[in-house]
Amino acid sequence: MNKFKDILPKELAMDPFDGFRNWAMITAEVDGVHNSMIIGWGGLGVLWRKDVATVYVRENRYTYEFIEKADKFTISFYDEKYKEQLKVYGTKSGKDIDKDFVTNFHPIKINDAVTYEEAHTTIVCKKIYQAKLEPQFYLNDVADQFYGINNDLTRHHMYIGEIERIVKK
Ligand SMILES: Cc1cc2nc3c(=O)[nH]c(=O)nc-3n(C[C@H](O)[C@H](O)[C@H](O)COP(=O)(O)O)c2cc1C
């Protein structure tokens with residue numbers, strides 16, 4: 001934990017487009033148990049005069065059960081050398097395996113939320129808004145490929161978190 005230092009959101013010298021495209025991790029904890037998965041969709045910005053981060057979690061992810069109940073979540077970013085471990089977080093479910101054990105990643109707590117020692121940057125967020133992405137609000141057919149033309153596949157939920165803290169190695 002000592003190797004992390006706090007930075008301000010405006011000091012985050014990282015392109016968020018690259019950050020999410022090169023895979024980020026989301027972690028949420030409930031009653032002392034956490035689950036993590038890879039996210040490729042997300043954003044950083046400003047809402048209601050607050051610095052915020054937005055993530056999208058599909059209902060069939062095990063992580064959904066955690067982020068629904070948790071007050072906070074973390075978004076963490078990793079160096080390329082961890083790609084193999086990150087694949088485990090992005091292809092296996094915490095329902096089936098202990099991903100931290102398999103990858104030998106080391107969870108640590110910051111601000112009552114969980115991230116990993118291996119992360120080069122972690123954003124701690126407090127949930128301030130959440131919404132299911134409902135089919136009647138899609139403005140084009142881009143969503144068909146994700147939810148089926150009959151809209152019969154599970155949906156994503158959007159979570160907007162106020163950025164409470166950013167730590168960086
Ligand atoms: C590159 C990549 C990006 C992903 N982005 C997302 C995402 O933004 N939202 C989402 O719900 N799932 C996303 N996933 C899928 C989850 O990471 C994956 O289904 C994971 O195994 C879920 O784990 P869980 O069941 O333990 O929650 C992504 C997977 C990969 C490999």
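## A tour that starts at Leu12

Select Leu12 first: leaving aside residues up to four places away in sequence, Leu12 touches Ile7 and Ile166. Touching, or being in contact, means that the C-beta atoms of two residues, placed from the backbone, lie within 7 Å. Before you go on, note that this is a predicted model: local features need pLDDT of at least 70, side-chain atom pairs count only at pLDDT 80 or more, and totals for chains, interfaces and linings use all residues. Residue numbers start from 1 along each chain, following the sequence as written.

Stay with Leu12 for a moment. Leu12 sits in the loop between β1 (5-7) and α1. Helices (H or I, at least four residues) and strands (E, at least two) are DSSP runs, numbered from the N terminus. Leu12 is partly exposed because 18 other C-beta atoms lie within 10 Å. The scale behind that label, with C-beta atoms placed from the backbone, is this: buried if 20 or more other C-beta atoms lie within 10 Å of a residue's own, exposed if 12 or fewer, partly exposed in between. Now add Val167 to your selection: Leu12 and Val167 are 155 residues apart along the chain, yet their C-alpha atoms are separated by 9.5 Å.

**Zoom out to the whole chain**

Show the protein chain as a cartoon and you will find 5 helices and 10 strands. Its radius of gyration is 16 Å, close to the 15 Å that the globule rule gives for 169 residues, so the chain is as compact as a globular protein of that length. That radius is taken over C-alpha atoms, and the globule rule is 2.2 Å times the number of residues to the power 0.38. Along the principal axes, the C-alpha atoms fill a box of roughly 50 × 40 × 30 Å. Of the 169 residues, 28% count as buried. Among contacts between residues at least 6 apart in sequence, 72% join residues at least 24 apart.

**Next stop: Trp23 and Ala24**

Select Trp23, in the loop between α1 (16-21) and β2. Its phi is near 80°, a positive value in a residue other than glycine. Most residues other than glycine have a negative phi. Trp23 is partly exposed, because 18 other C-beta atoms lie within 10 Å.

Step on to Ala24, in strand β2 (residues 24-30). Is Ala24 buried or exposed? Ala24 counts as buried, because it has 25 C-beta neighbours inside 10 Å. Beyond residues up to four places away in sequence, Ala24 touches Gly19, Ile39, Gly42, Ile75, Ser76 and Phe77.

**The ligand**

Now select the ligand and the 19 residues around it; Gly40, Tyr62, Thr63, Gly90 and Ser93 come nearest. A residue belongs here if its C-beta atom, placed from the backbone, lies within 6 Å of the molecule. Which element gives the most to this shell? Strand β3 does, with 4 residues. β3 (33-39), β5 (50-58), α2 (62-69) and α3 (83-91) each supply at least two residues.

**Helix α2**

Select α2 and look for Thr63, Phe66 and Ile67, which are buried. Seen down the axis of α2, its buried residues fall within an arc of 90°, so they line one face of the helix. The arc is that of the directions from the helix axis to the C-beta atoms. The cover over these buried residues includes β2, β3, β5, β6 (72-77) and β10 (156-168).

**Two hairpins**

Select strand β4 (residues 42-47) together with β5: they pair in the antiparallel sense over 6 bridges. Strands pair if DSSP finds at least two bridges between them. Leu44 has Ala53 in β5 as its bridge partner. β4 and β5 form a hairpin with 2 residues between them, and Trp48 in the turn has a positive phi of about 50°.

For the other hairpin, select β7 and β8, which pair in the antiparallel sense over 4 bridges. Here Ile110 has Ala113 in β8 as its bridge partner. This hairpin has 2 residues between its strands, and Asn111 in the turn has a positive phi of about 50°. Turn on side chains in β8 (residues 113-116): Ala113 and Thr115 point one way, Val114 and Tyr116 the other way, and all are buried. In a regular strand, side chains alternate between the two faces of the sheet.

**Last stop: Asn104**

Finish at Asn104, in the loop between α4 (99-103) and β7 (107-110). Asn104 is exposed, because 8 other C-beta atoms lie within 10 Å. Its phi is near 60°, a positive value in a residue other than glycine.
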